[in-house]
Amino acid sequence: MSFVCLTDFQAHARERLSKSTWDFIEGEADEGITWKDNMAAFKKIRLRPRYLRDVSKVDTRTTVQGEEISAPICISPTAFHCMAWPDGEMSTARAAQAAGICYVTSTYASCTLEDIVATAPKGLRWFQLYVQSDWELNKQMVQRAEALGFKALVITVDAPVIGKRRRDIRNQLNLEAKLMLKDLRSPEERISSRVQLSSINASFCWKDLSQLQTITRLPIILKGILTKEDAELAIKHNVQGIFVSNHGGRQLDEVPASIYALTEVVAAVKGKIEIYLDGGVRTGNDVLKALALGAKCIFLGRPILWGLACKGEHGVEEVLSILKNEFHTSMSLSGCRSVTEISRELIQFSIL
Ligand SMILES: Cc1cc2nc3c(=O)[nH]c(=O)nc-3n(C[C@H](O)[C@H](O)[C@H](O)COP(=O)(O)O)c2cc1C
């Protein structure tokens with residue numbers, strides 16, 4: 001089977017995975033309104049290309065938090081990669097390193113952080129934290145990630161509780177029984193302490209951010225911001241970045257598509273910190289639109305798991321390379337030679 005675009009991987013992954021694993025990966029919350037909107041919203045935006053510019057050389061490189069990446073296409077944190085491929089996050093990490101992009105490793109990785117780093121020591125990695133009720137555990141995890149060379153801490157704010165995923169309930173999916181959550185404590189302590197999905201700290205709020213800032217020197221990035229009010233609070237609390245994200249439509253349903261929320265957040269942030277976007281990005285044109293509307297970089301969730309399920313490390317590499325090539329073509333066809341030339345003028349606002 002030849003894989004031409006990201007949705008080819010989706011179709012093939014569905015055939016390869018068990019129903020309950022497929023449903024967990026696709027898994028939308030409630031009625032799936034936001035999940036659908038994430039993709040549909042991109043398709044409502046039209047482009048205003050500029051021609052007769054020399055696009056014989058197009059450069060997709062950019063930076064995130066000061067580190068160079070080969071294209072503004074990185075990997076969002078997703079849990080339990082071993083459900084999609086036997087050595088899970090280790091394959092993902094090697095593919096990300098080969099592609100020269102950033103991989104955000106989930107709190108609920110199914111490989112240890114040590115193994116992930118050892119298999120791809122030169123890769124750029126950030127660590128995603130679901131803040132736990134146990135502050136000693138938060139401290140241990142964050143300091144362990146920092147010592148292992150993770151370059152930023154991504155705090156997911158849109159999951160104080162887990163959204164209602166109807167498919168998982170119908171399938172009676174029990175992740176805690178199915179998987180050993182190896183990653184949370186240091187290797188010596190692992191056996192005695194299986195941290196549970198339910199241990200996310202639902203009382204974590206703005207004032208507690210300073211506690212995190214005292215235990216790490218890493219830049220802190222908030223993932224899941226959708227409003228100008230929260231974007232302004234993020235700046236006030238000295239965070240270094242924001243992910244505009246609705247968790248791929250897996251948390252609160254009927255919130256705006258990420259690409260729509262982006263405009264509001266960009267206006268509030270006024271260029272003070274970097275803004276990233278995830279949710280529904282499937283084509284090079286989607287990447288172009290997100291950058292034109294103010295994102296520094298996009299991140300992929302499900303497409304990475306589709307690539308992993310189809311061909312492991314090579315599948316992830318292929319997903320990243322197909323999207324990068326599409327983005328390169330989108331840049332060339334719209335007259336952008338470098339990512340700094342991608343601007344709001346590319347977007348036709350009358351139909352937004
Ligand atoms: C199977 C799966 C597991 C996820 N696990 C996490 C996680 O552990 N931490 C987190 O912050 N977000 C998690 N997410 C959300 C993703 O980081 C991301 O926001 C979302 O998948 C982006 O949308 P996309 O799948 O349309 O690209 C998960 C998403 C999926 C599909």
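Student: Which word fits Asp208, buried or exposed, and how do you know?

Tutor: In this predicted model, the relative accessible area of Asp208 is 14%. Buried means under 20%, so Asp208 is buried.

Student: What makes the pair Lys207 and Asp208 a salt bridge?

Tutor: The N to O distance between their side chains is 3.4 Å. The cut-off is within 4 Å, for a nitrogen of Lys or Arg and a carboxyl oxygen of Asp or Glu. The pair therefore counts as a salt bridge.

Student: Is Lys207 buried or exposed?

Tutor: Lys207 has a relative accessibility of 61%. Exposed means over 50%, so Lys207 counts as exposed, whereas its partner Asp208 is buried.

Student: How do you know that Arg61 and Asp59 form a salt bridge?

Tutor: Their closest N and O atoms are 2.7 Å apart, and the limit is 4 Å. As for accessibility, Arg61 stands at 44% and Asp59 at 28%. Partly exposed lies between the 20% and 50% limits, so that term applies to Arg61 and to Asp59.

Student: What is the N to O distance for Asp87 and Arg94, and what is Asp87 called by accessibility?

Tutor: The side chains of Asp87 and Arg94 meet at 3.0 Å, N to O, which is a salt bridge by the 4 Å limit. Asp87 has 22% relative accessibility. Buried requires under 20%, so Asp87 is called partly exposed.

Student: How many salt bridges are there in the whole structure, and which residues are linked in a network?

Tutor: The search finds 13 salt bridges. A network of salt bridges links Lys19, Asp23, Glu28 and Arg167.

Student: Why are H2 and H13 described by the word they get, roughly parallel or roughly antiparallel?

Tutor: Helix H2 covers residues 19–26 and helix H13 covers residues 302–334. They pack at an angle of about 155 degrees, and their axes are 10 Å apart. Over 145 degrees counts as roughly antiparallel, so H2 and H13 are roughly antiparallel to each other. On the H2 side the contact is made by Trp22, Ile25 and Glu26, and on the H13 side by Arg302, Leu305 and Trp306. By class, the contact residues are 4 nonpolar, no polar and 2 charged.

Student: What makes H3 and H11 roughly parallel, perpendicular or neither?

Tutor: Helix H3 (residues 33–44) packs on H11 at an angle of about 70 degrees, with the axes 7 Å apart. The range from 65 to 115 degrees counts as roughly perpendicular, so that is the term for H3 and H11. H3 contributes Asn38, Ala41, Phe42 and Lys44 to the contact, and H11 contributes Ser258, Ile259 and Tyr260. The contact has 4 nonpolar, 2 polar and 1 charged residues.

Student: Which residues touch the most other members of the largest nonpolar core?

Tutor: The core has 113 residues, and Trp126, Ile259, Ile298, Leu300 and Ile342 touch the most other members. H13 supplies the largest share, 13 residues. Nonpolar side chains tend to be buried together in soluble globular proteins.

Student: What makes the phi of Gln65 worth a remark?

Tutor: Most residues other than glycine have a negative phi. Gln65 is not a glycine, yet its phi is positive, about 45 degrees. Gln65 sits in the loop between strand E1 (62–64) and strand E2 (67–69). Its relative accessible area is 23%, so Gln65 is partly exposed.

Student: What is the phi of Lys270, and where does Lys270 lie?

Tutor: Lys270, also not a glycine, has a positive phi of about 50 degrees. Its place is the loop between helix H11 (258–269) and strand E9 (274–278). Lys270 has a relative accessible area of 61%; exposed means over 50%, so Lys270 is exposed.

Student: How do you know whether Ala118 is buried or exposed?

Tutor: Ala118, in helix H5 (residues 113–119), has a relative accessible area of 58%. That value is over 50%, so Ala118 is exposed. The C-alpha atom of Ala118 is 8.8 Å from that of Met90, 28 residues away along the chain.

Student: And Glu345, buried or exposed?

Tutor: Glu345 lies in the segment after H13. With 57% relative accessible area against the limit of over 50%, Glu345 is exposed. Between the C-alpha atoms of Glu345 and Ala292 there are 7.6 Å, and along the chain the two are 53 residues apart.

Notes: Residues numbered from 1 in each chain as written. Predicted model: local features only at pLDDT ≥ 70, side-chain atom pairs only at ≥ 80, totals over all residues. Heavy atoms only, no water. Axes fitted to C-alpha atoms, helices over the stretch in contact; angles between N-to-C directions. Helix = DSSP H or I, 4+ residues; strand = E, 2+ residues; numbered from the N terminus. Parallel < 35°, antiparallel > 145°, perpendicular 65-115°, else oblique. Contact = heavy atoms within 4.5 Å. Nonpolar A, V, L, I, M, F, W, Y, C, P; charged D, E, K, R; others polar. Buried < 20%, exposed > 50% of the residue type's maximum accessible area, 1.4 Å probe, protein only. Core = buried A, V, L, I, M, F, W, Y, C linked by side-chain atoms within 4.5 Å.
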